[in-house]
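Trainee: Let's go through this model together. Where should we begin?

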Amino acid sequence: MRIASKGRVAIVFALTAAAALLAATAASSRTDSAAAKPKPKYSLPALIKKSKKESGLVVYGNPPGANFNAFVAQFNKKYPWIKVTESDLEDTTIFSKYASEAAQGARTADILIASAPNMWVYANRQHYVQDFTPSGITKFPKYAKQFKGIFIMSPDPAIIVYNKLLLKDNVPSSVTGMANDESTYNKVTGYSADNLFGYTALYGYVQLKGWSAFNKIGRSRYVSSGNVAAQLQVVAQGGAKAAYLTSPTARFRIASDARLAQILDWSYAKDGTPIVPRGIGITRKAASPASAKLFLDYIFSKVGQQAICDAGFTSFMNGFKPNGGCTNTLADVYAKVGKKNVFNPGFTQKFVNARPAFTRRWHSIFG
């Protein structure tokens with residue numbers, strides 16, 4: 001009898017354990033399933049509802065007006081009630097203006113956009129932006145998110161713009177080639193290291209190819225200009241044959257301006273293409289935070305990447321293939337230049353620390 005009783009106890013124990021194991025397995029399955037489909041941290045319908053009560057979106061940024069307006073036109077097809085106002089500012093002014101206004105409690109920017117890795121390092125340290133992550137960011141390379149709330153809107157490749165009427169069939173395809181052909185490229189222009197876009201592009205190129213090409217160009221062949229608009233004007237007027245490592249927003253400007261399109265064209269620097277990451281973030285003092293979040297959500301979506309491409313910025317969603325023949329993608333840069341010939345500095349302290357010595361060396365060559 002005692003033996004039989006022990007047998008029954010063993011059977012009951014075994015069945016209980018099996019049931020517990022099955023329950024645990026089911027619970028684990030439910031947990032894994034929930035983890036595989038995480039709920040978004042924000043609700044688009046809720047943001048839309050809140051945005052309709054806000055007073056428009058204010059952006060302090062560095063994108064040229066033509067490019068930015070083309071992008072906003074597409075954004076407004078989805079969110080027509082959000083009026084977007086951009087102040088086209090120099091990179092340093094973007095951050096100083098926001099800091100000053102925020103400290104005074106004045107109406108200031110909801111979004112900051114700048115091609116200035118060193119300033120984004122500072123902005124992160126000063127907590128200028130709020131921690132918001134668009135759900136689509138998981139479909140982008142990891143470096144798309146640099147800090148909490150700070151993202152790369154567009155990894156812009158520095159390009160060459162040239163006067164095709166003066167150069168005819170002699171299309172520049174590298175900074176090295178331009179430097180080695182003094183008779184053809186007797187005058188060239190481009191950013192100086194004092195400009196934040198310029199420093200980022202020049203620094204990236206030097207990491208890939210060193211200083212040799214710039215030493216050959218030197219001050220005797222260099223024509224001082226300014227931002228991308230000034231560089232296009234100098235090259236179009238024949239003051240320089242080409243602009244080295246300028247902003248890729250020139251692609252849109254040339255394509256959309258029939259007069260410029262007759263004179264100018266552009267190409268990649270195949271010996272070394274530096275990426276100038278254009279950062280974006282929502283400010284802590286944003287008066288229209290819901291509208292700003294919808295703006296970032298749109299950028300990091302498939303339809304937003306098409307708008308980025310069409311407006312002359314650089315789309316970089318993993319596997320993204322734009323419609324309409326647009327080629328302003330990071331994938332196209334890699335295909336034309338080769339990934340090993342592309343350099344992206346990111347928003348790093350190393351990049352910040354290198355600037356004083358780098359700028360001194362640039363001025364020792366170009367004056």
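Trainee: How far does helix α3 reach from its first C-alpha to its last?
Mentor: This is a predicted model. Helix α3 spans residues 65-78, which is 14 residues. At 1.5 Å a residue, 20 Å is expected, and the computed reach is close to that: 20 Å.

Trainee: Which residues of α3 are buried, and on what side?
Mentor: Buried here needs under 20% relative accessible area. The buried residues cover an arc of only 125° around the axis, so they sit on the same side of α3. They are Asn67, Phe68, Phe71, Val72 and Phe75.

Trainee: What do the buried residues of α3 pack against?
Mentor: Both strands and helices are involved. The strands are β1 (57-61), β2 (84-88) and β3 (111-114). The helices are α11 (250-256), α13 (289-299) and α14.

Trainee: Which cysteines form a disulfide?
Mentor: The whole structure holds 1 disulfide. Its sulfur atoms are 2.0 Å apart, within the 2.5 Å cut-off. The pair is Cys309 and Cys326.

Trainee: Is that disulfide of Cys309 and Cys326 left-handed or right-handed, and why?
Mentor: Both cysteines, Cys309 and Cys326, are buried. The torsion about their S-S bond is about -110°, so the disulfide is left-handed.

Trainee: Which are the edge strands of the open sheet?
Mentor: The sheet has 5 strands with mixed pairing, in the order β8-β7-β9-β6-β10. An edge strand pairs on one side only. Those are β8 (222-223) and β10 (264-268).

Trainee: Which residue in β9 stands opposite Val188?
Mentor: Strands β7 (residues 188-190) and β9 (residues 242-246) run parallel, joined by 3 bridges. Opposite Val188 stands Ala242.

Notes:
Residues numbered from 1 in each chain as written. Predicted model: local features only at pLDDT ≥ 70, side-chain atom pairs only at ≥ 80, totals over all residues. Heavy atoms only, no water. Pairing = 2+ DSSP bridges. Helix = DSSP H or I, 4+ residues; strand = E, 2+ residues; numbered from the N terminus. Buried < 20%, exposed > 50% of the residue type's maximum accessible area, 1.4 Å probe, protein only. Expected span 1.5 Å × (residues − 1). Arc of directions from axis to C-beta. Contact = heavy atoms within 4.5 Å.
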